Amino acid sequence: MHSRRALLATAASIAALPRAARAADPLKVAFVYTGPIGDLGYSYQWDQARLALDQALGPRIATRYVENVPEGPDCERVLRDLAGAGTGLIFSTSFGFMNSALKAARQFPGTKFEQGTGYKTVSNVAEVNIRWYEARAVCGTIAAMTSKSGICGYVAPYPIPEVIMGVNAFTIAARRVNPAFKVRLIWVNTWFDPGREADAAKSLIDQGADILATHTDSPAVMQTAQARGIHAFGQSSDQARFGPAAQLTAIVDHWDPYVIARTKAVLDGGWTTGSLWAGFRDGLLVLAPYGPAVTPPVRAAAEAVRTGIVSGAQHPFAGPVRDQAGTVRIAAGETAPDADLLRMSWFAEGVAS
Amino acid sequence: MMLVPLLATVMTAATPLALAALGELVTERAGVLNLGVEGTMLVGAVVGFAVMASTGSHTLGVLAGCAAGIAMSALFAALTLPLAANQVATGLALTVFGTGLSALLGQHYTGRTVAPLPRLPLPGLLHQDVLVYASLAAAPLLAAFLQRTRAGLVLRAVGENAEAAHQLGTRVLRLRLAAVLFGGAMSGLGGAYLSLAYTPLWAEGMTAGRGWIALALTVFGAWRPWRVLGGAYLFGGIEVGGLYLQGSGALHVPPQLLAAIPYLATVVVLAWVSAGGAARRLAAPAALGKPFRALG
Amino acid sequence: MPEFRLERRAAAPAWATALAAPASALLAIAAASILFVALGYPAGPTLHAFFVEPFETLNGVSELALKASPLILIALGLVACFRANVWNIGADGQFTVGALCAGAVALAFGDAGSPAALPLMVAGGIAGGAAWAAIPAVLRTRCNASEILVSLMLTYVAGLLLTAMVFGPLRDPQGYGIPQSRMFADDEALPVLFGGTRITLGTAIGLLLPLAGAFWLRRSVAGFAIRAFGASPAAARFAGFSEPRTVWLVLLLSGGLAGLAGCFEVAGPIGQLIPAVSPGYGFTAIIVAFLGRLDPIGIIPAGLLVALSYVGGDLAQVGVGLPRAATGIVQGMLLLFPLASEFFVRYRLRRIVASPVVSAQVVPT
């Protein structure tokens, strides 16, 4: 087993990296993406972190990425190819890759894996996730203060806890500002289909929404908001160029500090497995600059929410919170524990779906 | 009230389907099955967008999308007509090729946006762009061409029985070439509509299966231009209508079921239409998919 | 202006048949190297990573087999369909439903597992795929509805059905709401045949079943009926073969094989149900069937070639950073060149010169 790995590594380095011979073995760091880096969303932001890593650690590392990798056997093969080629650290960036990463990790104990969203860890597979709901609470606050109709349209991909958590954090925050605020939800059943996302956005606008939020990957929702003269929140990356007047702010994934810190840990020999669910405070979650439609009082309120979350003075899921049926889900004076958030399957009061 | 914007959204959703499906209809009526529509649309989308982004001219962008579609279908024609390669396999391979080619060509155009195709208001409900009108006009024009012109008659004859048409002095391959290139041009237009009007941006794989739907629509519409156009609007209508119902909060069905309705509806309508007395009249062109060689 | 005329060869010469595939593959590789250089990647290392590296190690070869196996299994059923002029292009849906049924059987056993699990999963996979193919069969034989359209539409429905299931009843209750089933227990998974690889019994069956298929298609009465309907439906009917029965036969066969492939995929390398079990296997298998000239033996090298385009493409991404998009183009060329070469096997081009003497000239492939 060991000799075959060595063989694979030799073959790959001869074939691929003639420069590997001249430097003192830079650490190979690889990134595996579920989408194309041209998605301008989730995979794009991960690749931005890779580029930042190149900048930060320069000659000590050599980065590589593989994009458009389907879940399942193909993903496991790519991970094994990478590990076999002597890659020391692999960022496997989709929750659908988790079991493949665990299987590959068992076979290549010398390679360290960083699983971008997931829940299982072993000695050479660590896990990282972002508390996107914190940013959605800020967006909900801005939405309720900016909207005239009191209705926000929300384009949602699939009913998984991550998405439901975001919808609820947004709605709860909005209703703290305007208790009559409503969120209309459309499930588009895809992470990426610009046309369908635009259609969903249009139908939400036609039904009275004057603010749009989305959890899907393309900039089509922002573009539609711009074309129809209303406002929207960007997803994953700053989408101001698709909606210079429309964008209120954008929820930006900022994996850079984590990627750099973990790579340094491998270089220094101090890497250990772990599980991190990071938010504003850790710098993995940032907001794009507020757009022109965010007035000074709105900005102040948004910043108050953000700094409140950072300091711990407030929590997006602090009770009392009722669900659609009016049942109290989080009692007054309590906040939902992380384990509940990660399993969330109910919708907060104010979500019309 | 809500009906007017709903109709407008349906029109934009139906237009790329209608353009590509009407083009494929002509190709198939000449007896050639081109399964490369999805790949052709993608190349049309990226080339149209790239030219528009570089020149700022919508006209040039649309024409370039069209030309890219023609180039893709010319590749298909070169293999399937004189070389008589299998059409099903060649079409599928063309889609694989086009998907890769469009991604490569588009590498430097992701993250950019262009001004959407300008709209031309017409009396009544319409306030759409020129390609929407083009797709609406294409159906009657094609119907008239196929039914009332000599060239249309010859085209249908080639699709029904290429040997007989050849015996009567028709240049079968030349005619099929023209039909395939027309189909490519329309698929390219459909792709350019996506990247220049529907959502004015380029993103990899942005057709998201619309080329396959267009192929299905030609069968669904029984190779008749009006029916194909109607099918495109029905398909777009069900899809967009489902989104509206969801947004209204009036509907509580699993989203997967909702998404499956257009496909299930197509199957049901097809079974119903095929089983009726009209079955013979609605049959496929008899020579569809069969290569033709004029041998000495 | 010289004129050319096409001539059908009386019989495809053995040398042309034998040469066409490797020659066209070489041409495709030559075109690919031009593409690599044009994109600024060194031709040598890129070609090596793409086309040689997969063969250099046991792991690489096993991965080729793993990727080719479901393609070949599906293509085998499609060969029977296409030979009979039945255009099942919805094998992807049949694969998906087969995987879903096999997975549902496994999950029904609970965490305890049972030795009966695997055989029942296989039965469930075959039954699921065949049932999904029975829909176009019944609509074609009863309503005369085009099986092309019905099977294609049902592919989308199958994908949505699987998604609905892994988002709903089959979701792992311990899985934090992530749309996946639990991992299958050892009893519910195909054992790996060679340590360190991912090859299972299913992989081997996929690679070897075409041999039995070839025998069946050539020697059995049913195989003869299939070929008869492909060659001349009127003559086949005259000979007393039933067309509806043949349509049913080939659709159930290809659906069952696709379902079996789906079962092997989830019971093998995937090991659980996930929202999308097929990266387009059913469509790729159509190309495999045609690259293999609709011959059960031919689809084995064809399937391996297509698998190489995936495995090698990923290795080129890993090794030299070749973009995924370029891999797609190479895949397209690997498919288009052999399709074109087929022509030169069956035809030859004669140049007609002014003199009465006609000089024969075979265009090399």
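Here is a short walk through the three chains, A, B and C, and where they touch.

1. First, the ground rules. This is a predicted model, where local features need pLDDT of at least 70 and side-chain atom pairs count only at pLDDT 80 or more, while totals for chains, interfaces and linings use all residues. Residues are numbered from 1 along each chain as its sequence is written, and chains are lettered from A and ligands numbered from 1 in the order in which they are written.

2. Start with chain A. It has 11 helices and 15 strands (DSSP runs numbered from the N terminus, with helices being H or I of at least four residues and strands E of at least two). Its radius of gyration is 21 Å, close to the 20 Å that the globule rule gives for 353 residues, so chain A is as compact as a globular protein of that length. (That radius is taken over C-alpha atoms, and the rule is 2.2 Å times the number of residues to the power 0.38.) The C-alpha atoms fill a box of roughly 65 × 40 × 35 Å along the principal axes.

3. How much of chain A is buried? Buried residues are 61% of its 353. (Buried means 20 or more other C-beta atoms within 10 Å of a residue's own, exposed means 12 or fewer, and partly exposed is in between, with C-beta atoms placed from the backbone.) Take the contacts in chain A between residues at least 6 apart in sequence: 65% of them join residues at least 24 apart. (A contact needs C-beta atoms, placed from the backbone, within 7 Å.)

4. Chain B is built from 11 helices and two strands. From the N terminus, its elements go α-α-α-α-β-β-α-α-α-α-α-α-α. A compact globule of 296 residues would have a radius of gyration near 19 Å, and chain B agrees, with 19 Å. Its C-alpha trace spans about 65 × 50 × 40 Å along the principal axes. Buried residues account for 61% of the 296 in chain B, and of its contacts between residues at least 6 apart in sequence, 79% join residues at least 24 apart.

5. One residue to click on is B:Gly48, which sits in helix H2 (residues 37-55) of chain B. B:Gly48 is buried because 32 other C-beta atoms lie within 10 Å. Leaving out residues up to four places away in sequence, B:Gly48 touches B:Gly61, B:Val62, B:Ala64, B:Gly65, B:Gly191, B:Ala192, B:Ser195 and B:Leu196. B:Ala192 is 144 residues from B:Gly48 in sequence, but the two are 5.2 Å apart in space, C-alpha to C-alpha.

6. Now for chain C on its own. Helix H3 (residues 58-83) and helix H10 (residues 243-270) of chain C pack at an angle of about 170°, with their axes 7 Å apart. That angle makes H3(C) roughly antiparallel to H10(C). (Axes are lines fitted to C-alpha atoms, for helices over the stretch in contact, with angles from 0 to 180 degrees between N-to-C directions; under 35 degrees is roughly parallel, over 145 roughly antiparallel, 65 to 115 roughly perpendicular and the rest oblique.) Residues meeting here include C:Leu66 and C:Pro70 of H3(C), and C:Val250 and C:Phe264 of H10(C). By class, this contact has 17 nonpolar, two polar and one charged residues. (Ala, Val, Leu, Ile, Met, Phe, Trp, Tyr, Cys and Pro count as nonpolar, Asp, Glu, Lys and Arg as charged, and the others, Gly among them, as polar.)

7. Also in chain C, helix H11 (residues 281-291) is mostly covered, with 11 of its 11 residues buried. Among them are C:Tyr281, C:Phe283 and C:Leu291. After H11(C) comes C:Arg293, whose phi is positive, near 55°.

8. Which element gives the most to the side of chain B that touches chain C? The contact takes 39 residues from chain B and 39 residues from chain C, and H4(B) gives the most to the chain B side, with 12 residues. That side has 29 nonpolar, nine polar and one charged residues.

9. The contact between chains A and C takes 35 residues from A and 32 residues from C. On the chain A side, the largest share, eight residues, comes from H3(A). This side has 20 nonpolar, six polar and nine charged residues.

Conventions:
Two residues are in contact if their C-beta atoms, placed from the backbone, lie within 7 Å.
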